Amino acid sequence: MKKSQDYMDLIKETGFVEVERLSGGEESRIKEMIKNGEELPLGVFEDEGQLFVRQEMDLTDVEMIKYCALKMLKATNTIKNCVIFFTVLAVLSLVAALIISLT
């Protein structure tokens with residue numbers, strides 16, 4: 001259960017699912033199902049605070065993979081830009097130090 005809860009937390013943080021609280025009637029029906037030992041309906045799970053929520057996926061699996069790949073590409077470009085910035089800054093400081101030491 002711990003792995004599935006970690007997975008649920010991650011997809012909630014990334015925004016892949018929308019989480020909404022079930023209405024009172026639906027919640028009581030789900031509690032009865034749990035008491036009877038039945039399986040939960042697809043998309044319904046129990047949160048740590050004993051609240052039942054429904055997940056509605058708005059992306060297909062292929063769209064999720066593309067989205068993750070684009071986010072990784074964006075992060076890689078950001079890292080590349082930071083490396084370039086600090087390299088240029090280091091070179092400029094070395095040139096400035098060289099000019100100061102020669103004067």
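Three helices and three strands make up the secondary structure of this protein, and the model you are looking at is a predicted one. Followed along the sequence, these elements come in the pattern α-β-α-β-β-α. Of the 103 residues in the protein, 15% are buried. Here is a short tour, from the overall picture down to a few residues worth finding in the viewer.

**Contacts and surface overall**
- Among contacts with a separation of 6 or more, 58% join residues that lie 24 or more positions apart.
- The protein exposes about 8300 Å², and carbon and sulfur atoms supply 65% of that area.

**A negative patch**
- Glu18, Glu20, Asp58 and Glu63 together form a negative patch on the surface.
- If you would like a starting point, look for Glu18 in strand S1, which covers residues 17-21.
- Glu18 has a relative accessible area of 47% and is partly exposed. Because patch residues need over 30% relative accessible area, Glu18 at 47% meets that part of the requirement.

**A nonpolar patch**
- Ile84, Val88 and Leu92 make a nonpolar surface patch of about 280 Å².
- Ile84 sits in helix H3, which runs over residues 61-102.
- With a relative accessible area of 46%, Ile84 is partly exposed. The cut-off for patch residues is over 30%, so Ile84 passes on accessible area.

**A buried isoleucine**
- Ile11 belongs to helix H1, made of residues 2-14.
- Its relative accessible area is 8%. Buried means under 20%, so Ile11 counts as buried.
- Leaving aside residues up to four places away in sequence, Ile11 touches Phe16 and Val17.
- Two isoleucines make a handy pair to view side by side: Ile11 is buried, whereas Ile84 is partly exposed.

Terms used
Residues are numbered from 1 along each chain as its sequence is written. This is a predicted model: local features need pLDDT of at least 70, side-chain atom pairs count only at pLDDT 80 or more; totals for chains, interfaces and linings use all residues. Side-chain values use heavy atoms; hydrogens and water are left out. Patches are made of residues with over 30% relative accessible area and no salt bridge: like charges are joined within 9 Å, nonpolar side chains (Val, Leu, Ile, Met, Phe, Trp, Tyr) within 5 Å. Accessible areas come from the Shrake-Rupley method with a 1.4 Å probe; for residues, only the protein chains shown count as cover. A salt bridge is a side-chain nitrogen of Lys or Arg within 4 Å of a carboxyl oxygen of Asp or Glu. Lys and Arg count as positive and Asp and Glu as negative; His and the chain ends are not counted. The place of a charge is taken as NZ of Lys, CZ of Arg, CG of Asp or CD of Glu. Helices (H or I, at least four residues) and strands (E, at least two) are DSSP runs, numbered from the N terminus. Buried means under 20% relative accessible area, exposed over 50%, partly exposed in between (1.4 Å probe, protein chains only). Contact means heavy atoms within 4.5 Å.
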